[in-house]
Amino acid sequence: MRHNDRRTVKTITGLFLMGCMAGTGSIAINAGLVEVAVAHESGPYEGMKRGTVEAIAEQSLRIDKNEFGVIENLEITDQYKRPIPLKNLEIGQEIYFRVNQKNRVEKVIVLIPS
């Protein structure tokens, strides 16, 4: 199986339905290993979700119809690691964001179109 930096290859062990003979009522089951490609983000966006900013408040952000609180020292940068103040964040911007265990946004990377 070919894969690139946006895919991870995982091996799964289990039983898999291989086929069924029409009209006989019999099926073939194979036990074995199967490789499954799982898309994920790597590099600076690893562990982050992607979304669109829908509303901005001092203590919260709405991203893709989900309301999130924000931590006190929210880190906001663009994809070039330049800091962006919260007041410069705009509705409709595409972002990557990470939430902590309390479901509060702790980091935002704003995608600035080239």
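This is a short dialogue on how to read confidence, strand pairing, salt bridges and nonpolar cores in a predicted model.

Reader: Before I look at any geometry, what is the mean pLDDT of the protein?

Author: A good place to begin, since this is a predicted model. The mean pLDDT is 76, and 63% of the residues reach 70 or more. Over residues 1-21, though, the pLDDT is below 50, and this stretch has 55 contacts in the model beyond near neighbours in sequence. Residues 34-40 also stay under 50, with 26 contacts beyond four places in sequence.

Reader: How should I treat the coordinates where pLDDT is low?

Author: Where pLDDT is low, the predicted coordinates should not be read in detail. For residues 34-40, then, take the 26 contacts as a property of the model.

Reader: Let's move on to strands. Which way do β3 and β4 run, parallel or antiparallel?

Author: For a strand pair, look at the direction, the bridges and the link. Strand β3 covers residues 49-56 and strand β4 covers residues 60-63; they run antiparallel and are joined by three bridges. To find one on screen, go to I56, whose bridge partner in β4 is L61. The link is a hairpin of three residues.

Reader: And what joins β4 to β5?

Author: Four bridges, again with an antiparallel course, and β5 spans residues 66-78. Here S60 stands opposite G69 in β5. These two strands also form a hairpin, with two residues between them. If you check backbone torsions, stop at D64 in that turn, which has a positive phi of about 50 degrees.

Reader: Now for charges. What can side chains of opposite charge do?

Author: Side chains of opposite charge can pair when their charged atoms come close. In this model the count comes to four salt bridges. One of them links R62 and E54, at 3.5 Å from N to O. R62 is partly exposed at 33% relative accessibility, and E54 is partly exposed at 27%.

Reader: Is D78, which pairs with R82, buried or exposed?

Author: D78 is buried because its relative accessible area is 5%, under the 20% cut-off. In its salt bridge with R82, the closest N and O atoms are 2.6 Å apart. R82 itself counts as partly exposed, at 46% relative accessibility.

Reader: Which residue forms a salt bridge with E106?

Author: That is R98, with the closest N and O atoms 3.2 Å apart. E106 is partly exposed at 26% relative accessibility, and R98 is partly exposed with a relative accessible area of 28%.

Reader: Last topic, the interior. Which residues touch the most other members of the largest nonpolar core?

Author: To read a core, ask who touches whom, then which elements contribute. The largest nonpolar core has 14 residues, and L61, I63, I95, F97, V105, V108 and V110 touch the most other members. The elements giving two or more residues to this core are β4, β5, β6 (94-99) and β7 (104-110). With four residues, β5 gives the most. Another core lies apart from this one; it has five residues, among them Y45, M48, I109 and L111.

Reader: If I centre my view on F97, which residues are in contact with it?

Author: Leaving aside neighbours within four places in sequence, F97 is in contact with M48, K49, R50, G51, I63, F68, V105, K107 and V108. Of these contacts of F97, I63, V105 and V108 are also named among the core residues that touch the most other members.

Technical notes
Residues are numbered from 1 along each chain as its sequence is written. This is a predicted model: local features need pLDDT of at least 70, side-chain atom pairs count only at pLDDT 80 or more; totals for chains, interfaces and linings use all residues. Side-chain values use heavy atoms; hydrogens and water are left out. pLDDT is the predictor's confidence in each residue, from 0 to 100. Contact means heavy atoms within 4.5 Å. Two strands pair if DSSP finds at least two bridges between them. A salt bridge is a side-chain nitrogen of Lys or Arg within 4 Å of a carboxyl oxygen of Asp or Glu. Buried means under 20% relative accessible area, exposed over 50%, partly exposed in between (1.4 Å probe, protein chains only). A nonpolar core is a set of buried Ala, Val, Leu, Ile, Met, Phe, Trp, Tyr and Cys residues joined through side-chain atoms within 4.5 Å.
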